[in-house]
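Colleague: I have a few questions about the words you use for this model. Could you take me through them one at a time?

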Amino acid sequence: MFTWVIAATLAVAAPAPTAADATPPAQIMVLPAELQSRYQAEVLSGHPSQHARLERTVEFLFGEQGLGMTYRESATTTVAAAYATREANCLTFTLLFLALAREAGLDATPQELVQTLSWRQSEGTLYRSNHVNAVVRIAGRQYSVDVGRDAVMSRFPPQPISQARLYGHFYNNLGIAAMERMDLVAAKRDIDQAIALDPGYANHWSNAGVIAVRTGETEAAERDYVKALSLDPDNTNALFNMAGLAHRRGDAKREAEYRRRLARIQEKDPFHHFLLAVNHERAGEYALAIRHYRKAIRLYGDEPRFHSALARAYLGAGDTRRAAKALARAQALSDGDTRAADRSRLDNLRQLDNLRQ
């Protein structure tokens with residue numbers, strides 16, 4: 001996944017510059033000669049049809065006789081490095097697939113799932129992630145190629161993006177990784193490259209502001225956040241960061257203004273309520289968890305994992321009847337392994353409920 005930062009609460013001094021240079025954009029998707037040779041021999045030999053090329057490419061990427069690629073969230077690398085390590089996150093996997101698809105003459109382009117439910121917190125910083133994959137068009141039909149779609153929760157279907165934006169996400173990921181290891185010189189270099197490639201993407205500007213805060217350049221940070229909001233007035237990351245910056249400066253009026261704007265957006269965001277519910281559930285506050293899970297479902301009722309989570313909260317509160325009902329709804333919205341898992345859990349709940357009656 002590619003990542004942006006919601007808020008940074010600490011500013012740290014920039015370390016000495018590193019000797020490493022930025023990866024030139026032209027090198028990101030270059031196929032190593034060995035990989036190119038293998039792909040030609042193992043996938044493209046015999047002049048297969050377009051459908052066969054697509055099927056063989058996917059098998060080549062994941063099969064034991066092929067590359068046997070594995071997923072690692074932090075593996076934002078060039079195609080050559082991915083081939084060497086056999087590791088990729090969704091961004092690098094998409095780059096690798098697109099490079100092979102280009103070699104195969106397939107009509108493949110990147111696309112992005114915005115507003116996914118993926119986040120983590122570390123060292124006073126909250127990180128949220130989006131997701132990218134590839135779409136292939138053959139004979140009027142479209143096929144999605146995705147390394148981790150089953151694990152991604154998203155409200156909206158994927159949207160096509162440009163190659164420049166895909167590359168921008170690559171440098172954004174490198175910049176955030178550099179920031180995490182406190183190499184702020186590299187972080188600024190990489191986020192500047194992301195912005196140069198795709199200056200119309202609000203989240204990259206917001207991240208530039210976070211990096212500026214960490215180097216003590218609060219005026220530059222404010223300019224970056226303002227730019228992000230000029231591109232996307234409802235950008236929750238920039239609103240959150242602007243509120244935090246106003247708080248640091250003791251400007252209560254501006255802080256309240258940005259927090260009001262943020263709250264209006266979050267009130268309509270099912271993922272926001274889901275995350276609140278998860279936090280309440282972890283704290284054993286089941287009534288509050290149930291309230292926010294139900295709010296998330298009212299806003300986005302077709303997500304089975306919302307209903308499964310609500311069932312879990314009802315169980316924590318001792319209400320097995322409502323838990324069984326919520327799981328039944330999750331089952332109706334699910335399929336495959338998820339449906340089987342929910343069926344097993346539902347049967348267990350019903351047995352438990354019968355014992356208590």
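Colleague: What makes arginine 254 and glutamate 222 a salt bridge?

Modeller: The term asks for a side-chain nitrogen of Lys or Arg within 4 Å of a carboxyl oxygen of Asp or Glu. In arginine 254 and glutamate 222 the closest N and O atoms are 2.9 Å apart, so the pair meets that cut-off. Arginine 254 lies in helix H10 (residues 252–267) and glutamate 222 in helix H8, so the bridge ties together parts that are 32 residues apart in sequence. Helices here are DSSP runs of H or I with at least four residues, strands are runs of E with at least two, and both are numbered from the N terminus.

Colleague: Before we go on, where do these values come from?

Modeller: This is a predicted model, in which local features need pLDDT of at least 70 and side-chain atom pairs count only at pLDDT 80 or more, while totals for chains, interfaces and linings use all residues. Residues are numbered from 1 along each chain as its sequence is written, and side-chain values use heavy atoms, with hydrogens and water left out.

Colleague: Why is glutamate 222 called buried?

Modeller: Buried means under 20% relative accessible area, exposed means over 50%, and partly exposed is in between (1.4 Å probe, protein chains only). Glutamate 222 has 17% relative accessibility, so it counts as buried. Its partner, arginine 254, comes out at 27% and is therefore partly exposed.

Colleague: Is that pair on its own, or what else is it linked to?

Modeller: Glu219, Glu222, Arg249 and Arg254 are linked in a network of salt bridges. Across the whole structure, the search finds 14 salt bridges.

Colleague: How do you know that lysine 295 and glutamate 267 belong among them?

Modeller: Their side chains meet at 3.3 Å, N to O. The pair links distant parts of the chain, with lysine 295 in helix H12 and glutamate 267 in helix H10, 28 residues apart. Glutamate 267 has a relative accessible area of 41%, so it is partly exposed.

Colleague: And what makes arginine 189 and aspartate 190 a salt bridge?

Modeller: The closest N and O atoms of arginine 189 and aspartate 190 are 3.3 Å apart. Arginine 189 is partly exposed because its relative accessible area is 31%, whereas aspartate 190 has 3% and is therefore buried.

Colleague: What makes Arg294, Arg298, Arg321 and Lys325 a positive surface patch?

Modeller: Patches are made of residues with over 30% relative accessible area and no salt bridge; like charges are joined within 9 Å, and nonpolar side chains (Val, Leu, Ile, Met, Phe, Trp, Tyr) within 5 Å. Lys and Arg count as positive and Asp and Glu as negative, while His and the chain ends are not counted. Arg294, Arg298, Arg321 and Lys325 form such a patch. Helix H12 (286–299) and helix H14 (320–333) each supply at least two of its residues. Take arginine 294, in helix H12: its relative accessibility is 41%, so it counts as partly exposed.

Colleague: What is unusual to look at in the loops, for instance the phi of histidine 47?

Modeller: Histidine 47 has a positive phi of about 55° although it is not a glycine. Histidine 47 sits in the loop between helix H1 (33–42) and helix H2 (50–62), and is called exposed because its relative accessible area is 78%. Methionine 182 also has a positive phi, near 65°, and is a residue other than glycine. Methionine 182 is in the loop between helix H5 (163–180) and helix H6 (184–197), and at 46% relative accessibility it counts as partly exposed.

Colleague: How do you know that there is a TPR repeat at residues 202–235?

Modeller: That name comes from the UniProt annotation "repeat: TPR", in an unreviewed entry, and such annotations may be inferred rather than shown by experiment. In the model, residues 202–235 are 79% helix and 0% strand, with the end C-alpha atoms 7 Å apart. Threonine 215 is in the loop between helix H7 (202–214) and helix H8 (218–231). With a relative accessible area of 28%, threonine 215 is partly exposed.

Definitions and conventions
Areas by Shrake-Rupley, 256 points an atom, 1.4 Å probe, with all protein chains shown as cover. Charge placed at Lys NZ, Arg CZ, Asp CG, Glu CD.
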